[in-house]
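Visitor: I'd like to learn how to read a few features of a structure. Can we go through one together?

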Amino acid sequence: MPSIFTKIIKGEIPCYKIAEDDNFFAFLDINPNAKGHTLCIPKKEVDKIMDLDEDTYMGLMAFSRKVGKAIETALDCKRVGITVIGLEVPHAHVHLIPLNEMKEATFQHKVKLTTEEFETIAHQIRSKIE
């Protein structure tokens, strides 16, 4: 059965897309730790990040860096944190979290955003993708 992320990639579930190429996809987390919290995923559905083949793993990291730099440029934050946990969805993914305080990295602090705020943030980040 396809993961929720595979359904997002296929357009079966809507998302606030940030970036996409032939192998990777980035979109805003709908339960964010901070404004701009983004998930980067390989299009190839693999449960654990350490089970990705080396080329896909390295490609995901390069893609995540590109998206992270756009977040850093688009949003007011001290830095962009990167974490891989992978317990929520059985599809390898990287969290990119704009950080101003440590609590934003804990996954215990969540922010609520309106549809308009998600759309504005997605647009701001997309406009900075190189």
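Guide: Let's start with charge. Buried means under 20% relative accessible area, exposed over 50%, partly exposed in between, with a 1.4 Å probe and protein chains only. A salt bridge puts a side-chain nitrogen of Lys or Arg within 4 Å of a carboxyl oxygen of Asp or Glu. This is a predicted model, where local features need pLDDT of at least 70, side-chain atom pairs count only at pLDDT 80 or more, and totals for chains, interfaces and linings use all residues. Residues are numbered from 1 along each chain as its sequence is written, and side-chain values use heavy atoms, leaving out hydrogens and water.

Visitor: So how far is E104 from the nearest side chain of opposite charge?

Guide: That side chain is K103, 6.8 Å away, and E104 is buried without a salt bridge. A polar atom of the E104 side chain does lie 2.5 Å from the backbone nitrogen of N100.

Visitor: What about aromatic pairs?

Guide: Rings of Phe, Tyr and Trp (its six-membered ring) pair if their centres lie within 6.5 Å; planes under 30 degrees apart are stacked, over 60 edge-to-face, the rest tilted. Here the count is 4. F5 and F27 make an edge-to-face pair because their planes sit at 70°, with centres 5.5 Å apart. F5 is in helix α1 and F27 in strand β2, 22 residues apart. Both are buried.

Visitor: And which residues touch the most other members of the largest nonpolar core?

Guide: Such a core is a set of buried Ala, Val, Leu, Ile, Met, Phe, Trp, Tyr and Cys residues joined through side-chain atoms within 4.5 Å. Among its 27 residues, they are I18, L28, C40, V67 and I125. Helix α2 gives the largest share, 6 residues.

Notes. Lys and Arg count as positive and Asp and Glu as negative; His and the chain ends are not counted. A polar contact is a pair of N or O atoms within 3.5 Å; within protein, one must be able to donate a hydrogen and the other to accept it, and residues adjacent in sequence count only if both atoms are side-chain atoms. Helices (H or I, at least four residues) and strands (E, at least two) are DSSP runs, numbered from the N terminus.
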